[in-house]
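User: I have this model open on my screen and would like some help reading it. Could you take a close look at a single part, and then set it in the context of the whole chain?

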Amino acid sequence: MRTTFSIRRTAVVFAAVGALALTGCGGDGDGKKKSGDDSGKGTDSASTVDLPKLDGEKVSVAAVWTGPEQANFTKVLDEFEKRTGADVTFVPAQDPIINFLGTKIAGKQPPDVAMIPQVGAVQQAAAKKWAKPVGPEARAQLGQNYAEVWQELGKVDGTQYGVYFKAANKSLIWYNAAAFDNAGASEPKTWKDFLTTAETISASGVTPVSVGGADGWTLTDWFENVYLSQAGPEKYDQLAKHEIPWTDPSVKDALTTLAELFGKPELIAGGADGALQTEFPASVTQTFTGGDQPKGAMVFEGDFVAVNIAQTEAKIGTDAKVFPFPAVGADSPVVTGGDAAVALKDSKGAQALLTWLASADAAKIWAEAGGFISPNKGLDLKAYPNEVQRTMAQALIDAGDDVRFDMSDQAPQSFGGTPGAGEWKILQDFLKNPKDIAGTQKKLESEAVKAYKS
């Protein structure tokens with residue numbers, strides 16, 4: 001089963017983010033609540049979930065998160081320990097996570113729970129019979145706290161295997177406010193305006209766009225946003241399921257549009273070669289360091305960019321601002337992604353952790369830390385540290401079932417989720433040589449055919 005979703009109604013809400021000028025935020029945007037500021041308190045201390053006593057039981061959790069994301073997730077696990085008495089261990093994983101888990105399972109040392117960032121990988125885990133069905137307590141939390149679409153995303157052939165804990169709006173352009181001000185640039189609403197803004201900033205002496213091309217997933221996100229806006233949701237669904245080939249004219253159109261940016265290396269920090277050596281975290285931090293002379297004035301990615309901005313001196317709402325991904329077609333696109341908790345052991349501890357992660361209490365902990373959006377509609381929006389994240393979270397909840405998921409995350413992992421292979425590698429090659437549109441399409445189709453057959 002391949003389930004897709006897109007936030008369509010949220011385009012209007014996110015368009016309002018620019019108008020807010022991101023001022024009057026409830027916090028600093030760095031995950032730290034100001035003294036005397038009660039906007040980050042969220043819900044009261046009353047528990048919203050019942051958990052069993054697990055004194056002394058060991059529970060291991062594997063995830064690809066590192067740095068601030070790992071630290072924030074660890075806070076969620078620490079509270080689970082306090083409430084249950086379990087001894088929880090975080091297991092650092094590597095992409096592709098299915099390969100990592102396969103090694104652990106072959107060695108008879110699987111973690112109790114894995115945080116899986118791709119729908120396709122959840123399906124693979126179920127197909128390999130690694131994943132264990134979600135128990136009744138966690139399903140009750142899902143039914144209480146989640147829109148139907150988020151529950152369906154965690155199902156395979158009607159059985160619930162995944163609990164989506166962390167969501168992402170992956171259709172945002174973050175920008176250095178000082179660089180924009182110095183260039184006299186304004187927030188663009190269309191792709192044409194975006195390119196004009198980039199040229200304006202370039203003329204001011206600052207390279208306009210920072211691209212984390214060393215991480216191929218960022219390039220799939222660039223493509224998906226252009227494609228969804230230009231080709232529309234029906235075509236998006238068809239391509240996501242490989243019901244139409246990557247040689248389809250709609251793919252040519254999207255790559256041609258993307259080449260309008262990628263084909264001008266002077267608009268990209270470090271040019272194509274520099275971008276291909278820039279990992280995602282650095283693509284963010286180099287946008288918000290150097291004052292009004294950053295290496296790049298804008299960086300594209302999701303709400304989670306806030307976590308990396310927090311590693312700089314920039315403050316969200318003043319130094320760092322955001323606008324929706326520009327409309328290529330009639331509407332601005334909104335693509336979303338997420339991380340699902342999947343049990344790999346039939347243990348009381350694994351099921352209790354799934355129940356915990358499906359609760360509003362667990363979501364509140366990371367929400368207060370920042371750099372996080374939850375699909376949990378039971379979470380009080382006051383938990384988010386600033387107005388930017390509250391607006392994004394509200395839009396996600398308001399969208400309900402009217403949404404679309406990251407296309408590459410729906411694909412078999414060998415095609416849409418493997419570093420140095422498949423779509424990631426082909427789009428990296430395209431960034432380096434954006435003139436080869438036909439060749440890029442043929443390579444994408446060839447790899448997709450192999451992946452979807454396997």
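What follows is my question about one residue, and then a longer answer. Where does Asp 292 lie, and which residues does Asp 292 touch?

Analyst: Happy to help! First, a word on the ground rules: this is a predicted model, in which local features need pLDDT of at least 70 and side-chain atom pairs count only at pLDDT 80 or more, while totals for chains, interfaces and linings use all residues. Residues are numbered from 1 along each chain as its sequence is written, and side-chain values use heavy atoms, with hydrogens and water left out.

Now to your residue. Asp 292 sits in the loop that links helix H13 (280–285) to strand S9 (298–300); helices (H or I, at least four residues) and strands (E, at least two) are DSSP runs, numbered from the N terminus. Its relative accessible area is 32%, so Asp 292 is partly exposed. On this scale, buried means under 20% relative accessible area, exposed means over 50%, and partly exposed is in between (1.4 Å probe, protein chains only).

Setting aside residues up to four places away in sequence, Asp 292 touches Ala 178, Ala 179, Asn 182 and Val 206, where a contact means heavy atoms within 4.5 Å. With Asn 182 there is also a side-chain to side-chain polar contact, at 2.5 Å. A polar contact is a pair of N or O atoms within 3.5 Å; within protein, one must be able to donate a hydrogen and the other to accept it, and residues adjacent in sequence count only if both atoms are side-chain atoms. As for Val 206, it is 86 residues from Asp 292 along the chain, yet their C-alpha atoms are separated by 8.5 Å.

Helix H13 leads on to another residue. Asn 308, in helix H14 (residues 305–309), touches Phe 280, Pro 281, Val 284 and Thr 285, not counting residues up to four places away in sequence. Asn 308 counts as buried because its relative accessibility is 11%.

Now for the chain as a whole. It has 21 helices and eleven strands, and buried residues make up 61% of its 454 residues. Of the contacts with a separation of 6 or more, 79% join residues 24 or more positions apart.

The largest nonpolar core has 91 residues, and Phe 73, Trp 150, Trp 174 and Trp 356 have the most contacts inside it. Such a core is a set of buried Ala, Val, Leu, Ile, Met, Phe, Trp, Tyr and Cys residues joined through side-chain atoms within 4.5 Å. Apart from this core lies another, of 53 residues, including Val 209 and Leu 427.

Leu 427 appears again where two helices pack: H9 (residues 216–231) meets H20 (residues 422–432) at an angle of about 75°, with axes 8 Å apart. That makes H9 roughly perpendicular to H20. Among the residues meeting there are Trp 217 and Phe 223 in H9, and Trp 424 and Leu 427 in H20.

Two backbone details in other loops round things off. The Asp 95 to Pro 96 peptide bond is cis, with omega near -5°, and Pro 96 lies between strand S2 (87–92) and helix H3 (97–106). Lys 129, in the loop between helix H4 (119–127) and helix H5 (136–145), has a positive phi near 65°, and it is exposed, with a relative accessible area of 67%.

How values were computed: Axes fitted to C-alpha atoms, helices over the stretch in contact; angles between N-to-C directions. Parallel < 35°, antiparallel > 145°, perpendicular 65-115°, else oblique.
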